[in-house]
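These are my notebook entries on a single structure. I record what I looked up and in what order.

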Amino acid sequence: MWLLYAAGSAFFAGVTSILAKCGIRKTDSTVATAVRTMVVLIFSWVIVWIVGSAGQISLISGETFLFLILSGAATGASWLCYFRALQLGNVNQVVPVDKSSTVLTILLALIFLGEGISLPKALAVAAIAVGIFLMLEKKHTPVQKEAKGKGWFFFAIGSAFFASLTAILGKIGISGVESNLGTAIRTVVVLVMAWGMVFVTGKQREIRKIDKKELIFICLSGIATGASWLCYYRALQEGPASAVAPVDKLSVLVTVAFSYLVFGEKLKGRALAGLALLTAGTVAMAVL
């Protein structure tokens, strides 16, 4: 079942990228992240109430709580970097770099979780890395002729790094915890972190300036994120982190498809070859 949950996570994560991009054309990315986290928080706690796992909070050990908090902090940092990168760069530029977290996650799972890596898996990881590199070509689109400088790349790298930490800390932190409850607890941490960044950077006044249409997209991206999270952490609870993370990263296929339909962003020869390698490596990681 973990494979189905991971596939669901990939689909909703891919939709999230498109919805989020539509919601931050004018809205500050930090403010948008804080607003959408509120939606995710409500969504995740409603699910906890539906499955009736709220009463298990008192049974969570202090160590597990610590890892859930650390995982939430890593997620918050990843989100802030990711949506800033989306605001500065094109979707098809940012997403492949963000998905490089797959490689780091596999290495960290090997080191900290003892999840072995065979020669076939090593070759799959290499295919993913090469695929990402090939997709890092400069793109010109009807919507956004050129990315606003190279800052998007550094934010995308930051997003990938913190996303890999999230997977490892989340895997450790959800041991003995109902996955929906673990997701809800982590979301509280992300919410505090996101709104803390809004006030630290003095952007609280930007909240009133959010375009109503963009607010709708921000909220929809929050719902999609909530669905992705619930699927992802259920998959992590039932399957190995080194296999769940790659399947989740197949969201790049969903993102590429929707970015073409919504923003007119097209992939050409080199990038298409990279996408094929990225997909092949990811599928191989899931089945090996």
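**Entry 1. Disulfides**

How many disulfides does a search of the whole structure find? I note beforehand that the model is a predicted one. The search, run over the whole structure, returned zero disulfides.

I then asked why Cys22 has no bond to the closest cysteine sulfur. A disulfide is a covalent bond between the sulfur atoms of two cysteines. The closest cysteine sulfur to that of Cys22 belongs to Cys219, and the separation is 14 Å, which is too far for a bond. The cut-off I applied for a disulfide was a pair of cysteine sulfur atoms within 2.5 Å.

I also looked up the accessibility of two cysteines. Cys22 has a relative accessibility of 10%, so I entered Cys22 as buried. Cys231 stands at 16%, and therefore I entered Cys231 as buried. The limit behind both entries is under 20% relative accessible area.

**Entry 2. Thr16 and the pair of helix 1 and helix 3**

I located Thr16 in helix 1, which covers residues 2-23. Is Thr16 buried or exposed? Its relative accessibility is 7%, so Thr16 counts as buried. I next listed its contacts, leaving aside neighbours within four places in sequence: these are Arg36, Phe83, Ser221, Ala224 and Thr225.

Phe83 led me to helix 3, as Phe83 is among the helix 3 residues that meet helix 1. On the helix 1 side I recorded Thr16, Ser17, Ala20 and Lys21; on the helix 3 side, Tyr82, Phe83, Leu86 and Gln87. By class, this contact holds four nonpolar, three polar and one charged residues.

For the geometry, I kept to the usual description. Two packed helices are described by the angle between their axes and the distance between the axes. The axes of helix 1 and helix 3 come within 10 Å and cross at roughly 60°. Helix 1 is therefore oblique to helix 3. I entered their crossing as right-handed.

**Entry 3. Helix 3 and helix 4**

How do the axes of helix 3 and helix 4 cross? Helix 3 spans residues 62-88 and helix 4 spans residues 91-98; their axes come within 8 Å, at a crossing angle of roughly 150°. The two helices are therefore roughly antiparallel to each other, since angles over 145 degrees count as such. The crossing of helix 3 past helix 4 is right-handed.

In this contact, helix 3 supplies Tyr82, Ala85 and Leu86, and helix 4 supplies Val91, Val94, Val95 and Asp98. I counted six nonpolar, no polar and one charged residues by class.

I followed Asp98 further, to a residue of helix 3, Glu63. Glu63 has 56% relative accessibility and so counts as exposed. Glu63 and Asp98 lie 35 residues apart along the chain, and their C-alpha atoms are separated by 29 Å.

**Entry 4. Helix 2 and helix 8**

Last, I examined helix 2 (residues 29-51) against helix 8 (residues 179-200). Their axes lie 8 Å apart, and the packing angle is about 160°. Helix 2 is thus roughly antiparallel to helix 8. I recorded a left-handed crossing for helix 2 and helix 8. By class, their contact comprises 20 nonpolar, seven polar and no charged residues.

Definitions and conventions. Residues are numbered from 1 along each chain as its sequence is written. This is a predicted model: local features need pLDDT of at least 70, side-chain atom pairs count only at pLDDT 80 or more; totals for chains, interfaces and linings use all residues. Side-chain values use heavy atoms; hydrogens and water are left out. Buried means under 20% relative accessible area, exposed over 50%, partly exposed in between (1.4 Å probe, protein chains only). Helices (H or I, at least four residues) and strands (E, at least two) are DSSP runs, numbered from the N terminus. Contact means heavy atoms within 4.5 Å. Axes are lines fitted to C-alpha atoms, for helices over the stretch in contact, and angles run from 0 to 180 degrees between N-to-C directions. Angles under 35 degrees count as roughly parallel, over 145 as roughly antiparallel, 65 to 115 as roughly perpendicular and the rest as oblique. A crossing is left-handed if the near helix is turned anticlockwise from the far one by less than a right angle, and right-handed if clockwise. Ala, Val, Leu, Ile, Met, Phe, Trp, Tyr, Cys and Pro count as nonpolar, Asp, Glu, Lys and Arg as charged, and the others, Gly among them, as polar.
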